[in-house]
Amino acid sequence: MPSPLEVAPATPDRAWLGYVVPKRHAKRAVTRALLKRQIRAVFGELPDLPPGLWVVRLRMPFDRKQFPSASSDALRAAARTELRQLTRKLVRPAAPAVG
């Protein structure tokens, strides 16, 4: 019987996304879930993510004074903006049309 979990190959032929949002940086589960959704959404918008194993890790906490609500629109927008800035480096520019 095959496993229900798909395991990434050593040399993937497509992009695989993983993410780490530790409790020490996002105390509330609703905040961690919001950040994970934003990661999936931004990576889903990328037109041509190169094949590979990609991992996004939250390295620093968001300022709780600036974002007092665990799932505010402001936190959502800040996370999405930062992720978009980071992912710009991943997407290769389109080749110019020859013609």
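Ala41 is found in helix α1 of this predicted model. With a relative accessibility of 27%, Ala41 counts as partly exposed, since burial would call for a value under 20%. A convenient landmark for Ala41 is Arg80: the two residues are 39 positions apart in sequence, and their C-alpha atoms lie 8.5 Å from each other in space. Both residues belong to the contact between helices α1 and α2, Ala41 on the α1 side and Arg80 on the α2 side.

That helix pair deserves a fuller look. Helix α1 covers residues 29–45 and helix α2 covers residues 73–87; the two pack at an angle of about 40°, and their axes are 9 Å apart. The angle makes α1 oblique to α2, because it falls outside the range under 35 degrees that would count as roughly parallel. The crossing of α1 past α2 is right-handed. On the α1 side, the contact is made by Thr31, Leu34, Leu35, Gln38, Ile39, Ala41, Val42, Phe43 and Glu45. Their counterparts in α2 are Leu75, Arg76, Ala79, Arg80, Leu83, Arg84 and Thr87. Sorted by character, the residues of this contact comprise nine nonpolar, three polar and four charged.

It helps to place the two helices within the whole chain. The chain holds two helices and two strands, and these elements follow one another along the sequence in the pattern β-α-β-α. Of the 99 residues, 28% are buried. Among contacts with a sequence separation of 6 or more, 71% join residues 24 or more positions apart.

Two buried residues can be followed in the region where α1 meets α2. Thr31 lies in helix α1 and, at 12% relative accessibility, counts as buried, the cut-off being 20%. Apart from neighbours within four places in sequence, Thr31 is in contact with Ala26, Ala70 and Leu75. Leu75 is one of the α2 residues in the helix contact, and Leu75 also leads to the second buried residue, Ser72: a polar atom of the Ser72 side chain lies 3.1 Å from the backbone nitrogen of Leu75. Ser72 sits in the loop between β2 (52–57) and α2. The relative accessible area of Ser72 is 15%, so this residue is buried as well. When residues up to four places away in sequence are not counted, Ser72 touches Leu34 and Phe67. Leu34, in turn, is among the α1 residues that meet α2.

Helix α1 also has links to residues that precede it in the sequence, and Arg40 offers a good example. Arg40 is found in helix α1 and is partly exposed, with a relative accessible area of 40%. Leaving out neighbours within four places in sequence, Arg40 is in contact with Leu17 and Tyr19. With Tyr19 there is a polar contact between the two side chains, at 2.6 Å. Gly18 is 22 residues from Arg40 in sequence, and the C-alpha atoms of this pair are 9.1 Å apart.

Leu17 brings the description to strand β2, since Leu17 is also among the contacts of Trp54. Trp54 is found in strand β2 and, at 24% relative accessibility, counts as partly exposed. The C-alpha atoms of Trp54 and Leu17 are separated by 4.9 Å, although their positions lie 37 residues apart along the chain when counted as sequence separation. Beyond its neighbours within four places in sequence, Trp54 is in contact with Ala15, Trp16, Leu17, Gly18, Leu49 and Leu90. The side chain of Trp54 also reaches the backbone oxygen of Pro50, at 2.9 Å.

How values were computed. Residues are numbered from 1 along each chain as its sequence is written. This is a predicted model: local features need pLDDT of at least 70, side-chain atom pairs count only at pLDDT 80 or more; totals for chains, interfaces and linings use all residues. Side-chain values use heavy atoms; hydrogens and water are left out. Axes are lines fitted to C-alpha atoms, for helices over the stretch in contact, and angles run from 0 to 180 degrees between N-to-C directions. Helices (H or I, at least four residues) and strands (E, at least two) are DSSP runs, numbered from the N terminus. Angles under 35 degrees count as roughly parallel, over 145 as roughly antiparallel, 65 to 115 as roughly perpendicular and the rest as oblique. A crossing is left-handed if the near helix is turned anticlockwise from the far one by less than a right angle, and right-handed if clockwise. Contact means heavy atoms within 4.5 Å. Ala, Val, Leu, Ile, Met, Phe, Trp, Tyr, Cys and Pro count as nonpolar, Asp, Glu, Lys and Arg as charged, and the others, Gly among them, as polar. Buried means under 20% relative accessible area, exposed over 50%, partly exposed in between (1.4 Å probe, protein chains only). A polar contact is a pair of N or O atoms within 3.5 Å; within protein, one must be able to donate a hydrogen and the other to accept it, and residues adjacent in sequence count only if both atoms are side-chain atoms.
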